[in-house]
Amino acid sequence: DGGEKKEGEWTHADEVKALHDIDPLTAKMRRKLFAKMAAEGVVERKVGEAAPKTELGQAELDIMPFVGERPSPMRVEQQMLFRKEWKVLDEKQRHMMLAGGVVSNTATGFKHMCMSCVEGTEECAEKKIVKTPKADGITWPTEARKTACEEACFGWLKLPDSPSICSCWIDCSLGVKLELATSNLLTNYMKQRRVLLTPDDGEASEKCLNLDSSPAKVFRGDKPGARMRWTQEFAPNFAITFWWKPDMDATSGTYFKPDRKVILYKGLNQTDSGEYGMPSTKMVYIEIDASTPTKQVVVTVAGVEARVPADKCQSIGEDVFTFFAVTKRDTQVTVWCGKSGAAEAAKVHSFQLDGAEYKTTIDDVIAVGGIKAPEDQYAKGWMGKLNYIGVNYWDKTDKVKLWDVQIPARFTVGEPDACPS
């Protein structure tokens, strides 16, 4: 009716659609803006250096555009954006920037802005936290509000697990509703932990991978800024999602020769004897057993193998895209499957690791088509929209949903449009 939406009316579906429509259009603009900021000294400037005189420099973070807002939350989000967009910084530059060592002439450093105290206590003076004339640090109005906000802001995690927790504290201390603070934190946390390995823009061969070799493509975990998605400390749980379509050529395609065929592998790129390849105990291994007419998805995590019932994911034998997701939460692994054009992806199988230990390091790789698999043992076809998400141990109460929210969102984005029809 043209009227403004009231608070709370913006739905998750709205968010997914907006992200799908807008993010690809703004990605290049964000990168160009950051490059300009770096060139003009707006960022990568040591503490104490004079602020640049350009309009961009003057507008950096030294303003309060709306009543009740302040630069600190913006600073947190800015540093998170730098982590994602500015991937060519050397180790020293990254350390200074992410630790808050590079600040504007008036912005508060990251460490101090996340310190907190209850208003009126001696702790505020000890930590030099003030509300006026310019807020520095977090001031809780009451002890009860502090407790409620800390719980709402992923109370089972600590600040080193995600800078977004600090942003959540700040918002919550300023009166943002607890439910909204949690929702915003979940969105920001997942932005840090999710990486789209096959881009939405660029060359068609990058957006749509042709599984014509083993490996067809390798993604490494040791890239700058990737640590929180790959190390055991920060990512003992994970999700891998992608769309895949078989090559249905009767004389050379996916199912020309019956066998087990790997689609994707995650783990070390070394055999048990140290040669290039895959070890006998595979951390993540997704394959199709086409050794019989009844094709099945087979998933291995931490060496534990499980078969998805054949009738739960029948589209793998059709000339269509199938959505796959494999998720781990603590000791439970869940497999999701969805056919192109379906209303949703469904959980088709779950299994327990039963003491098997999942390990992940920055030395891991994600190899599409596995590593050095024989030609009749990798799943020829096409893959796109490959996502990897690495997350911490999660809320034991399940009050904050994890994969039940994230996986449907990835399915909603839809199949890749750069692959052969």
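Strands, as named here, are DSSP runs of E with at least two residues, and helices are runs of H or I with at least four, both numbered from the N terminus. The model described is a predicted one.

## The loop at Leu 353

With strands named in this way, Leu 353 can be placed in the loop between strand E13 (346-352) and strand E14 (365-368). Is this loop residue buried or exposed? Its relative accessible area is 3%, and a residue counts as buried under 20%, so Leu 353 is buried.

Apart from neighbours within four places in sequence, the contacts of Leu 353 fall on Val 301, Ala 302, Val 304, Lys 328, Asp 330, Thr 331 and Val 333. One of these residues, Val 333, is 20 residues from Leu 353 in sequence, with a C-alpha to C-alpha separation of 7.4 Å. Another, Val 301, is listed among the residues with the most contacts inside the largest nonpolar core.

## Nonpolar cores

The largest nonpolar core consists of 43 residues. Inside it, the most contacts are made by Phe 242, Trp 244, Ile 263, Leu 264, Val 301, Leu 386 and Tyr 388. Strand E6 (residues 237-246) supplies the largest share of this core, with four residues. A second core, of 38 residues, lies apart from it and includes Trp 140, Cys 149, Cys 166 and Leu 185. In soluble globular proteins, nonpolar side chains tend to be buried together.

Leu 386 gives a view of the surroundings within the 43-residue core. Not counting residues up to four places away in sequence, Leu 386 touches Val 195, Leu 196, Leu 197, Thr 198, Phe 219, Ile 240, Thr 241, Phe 242, Leu 264 and Val 368. Ile 240 and Phe 242, both on this list, sit on one side of E6, along with Phe 238, Trp 244 and Pro 246.

## Strand E6 and its partners

How many of the ten residues of E6 are buried? Ten of the ten are, and the strand is mostly covered. Its two faces are both covered: one carries Asn 237, Ala 239, Thr 241, Trp 243 and Lys 245, and the other carries Phe 238, Ile 240, Phe 242, Trp 244 and Pro 246.

E6 pairs with strand E15 (residues 381-391) in the antiparallel sense, over nine bridges. Within E15, Gly 384 is the bridge partner of Trp 243. E6 also runs antiparallel to strand E11 (residues 322-329), to which seven bridges join it. There Phe 242 has Phe 324 as its bridge partner. Strands of a sheet pair through backbone hydrogen bonds, either parallel or antiparallel.

## The six-strand sheet

An open sheet is built from six strands in the order E5-E14-E7-E8-E9-E10, and the pairing is antiparallel. Strand E5 (217-220) and strand E10 (304-307) form the edges, each pairing on one side only. On average, and with direction ignored, neighbouring strands of the sheet are turned by 15° against each other.

Within the sheet, strand E7 (residues 260-267) and strand E8 (residues 284-289) run antiparallel and are joined by six bridges. Tyr 265 stands opposite Tyr 285 of E8.

## Helices H8, H9 and H12

Helix H8 (residues 164-173) packs against helix H9 (residues 178-193) at an angle of about 160°, and the axes are 9 Å apart. Angles over 145 degrees count as roughly antiparallel, and H8 and H9 are therefore roughly antiparallel to each other. The crossing of H8 past H9 is right-handed. On the H8 side the meeting residues are Ser 164, Ile 165, Cys 168 and Cys 172; on the H9 side they are Leu 178, Ala 181, Leu 185, Asn 188, Tyr 189 and Gln 192.

H8 is mostly covered, with nine of its ten residues buried. The buried residues are Ser 164, Ile 165, Cys 166, Ser 167, Cys 168, Trp 169, Ile 170, Cys 172 and Ser 173. Gly 175, just after H8, has a positive phi of about 105°. In helix H12 (residues 403-412), Trp 403, Gln 406, Ile 407, Ala 409, Arg 410 and Phe 411 are buried. Gly 414 follows H12 with a positive phi, near 95°.

## The loop at Pro 141

Pro 141 lies between strand E2 (138-140) and helix H7 (143-152), in the connecting loop. Its relative accessibility is 43%, so Pro 141 counts as partly exposed. Beyond neighbours within four places in sequence, Pro 141 is in contact with Val 118, Glu 119 and Ser 173. Ser 173 is one of the buried residues of H8. The C-alpha atoms of Pro 141 and Leu 174 are separated by 8.8 Å, although the two residues are 33 residues apart along the chain.

Technical notes
Residues numbered from 1 in each chain as written. Predicted model: local features only at pLDDT ≥ 70, side-chain atom pairs only at ≥ 80, totals over all residues. Heavy atoms only, no water. Core = buried A, V, L, I, M, F, W, Y, C linked by side-chain atoms within 4.5 Å. Buried < 20%, exposed > 50% of the residue type's maximum accessible area, 1.4 Å probe, protein only. Contact = heavy atoms within 4.5 Å. Pairing = 2+ DSSP bridges. Axes fitted to C-alpha atoms, helices over the stretch in contact; angles between N-to-C directions. Parallel < 35°, antiparallel > 145°, perpendicular 65-115°, else oblique. Left-handed = near helix turned anticlockwise from the far one by under 90°.
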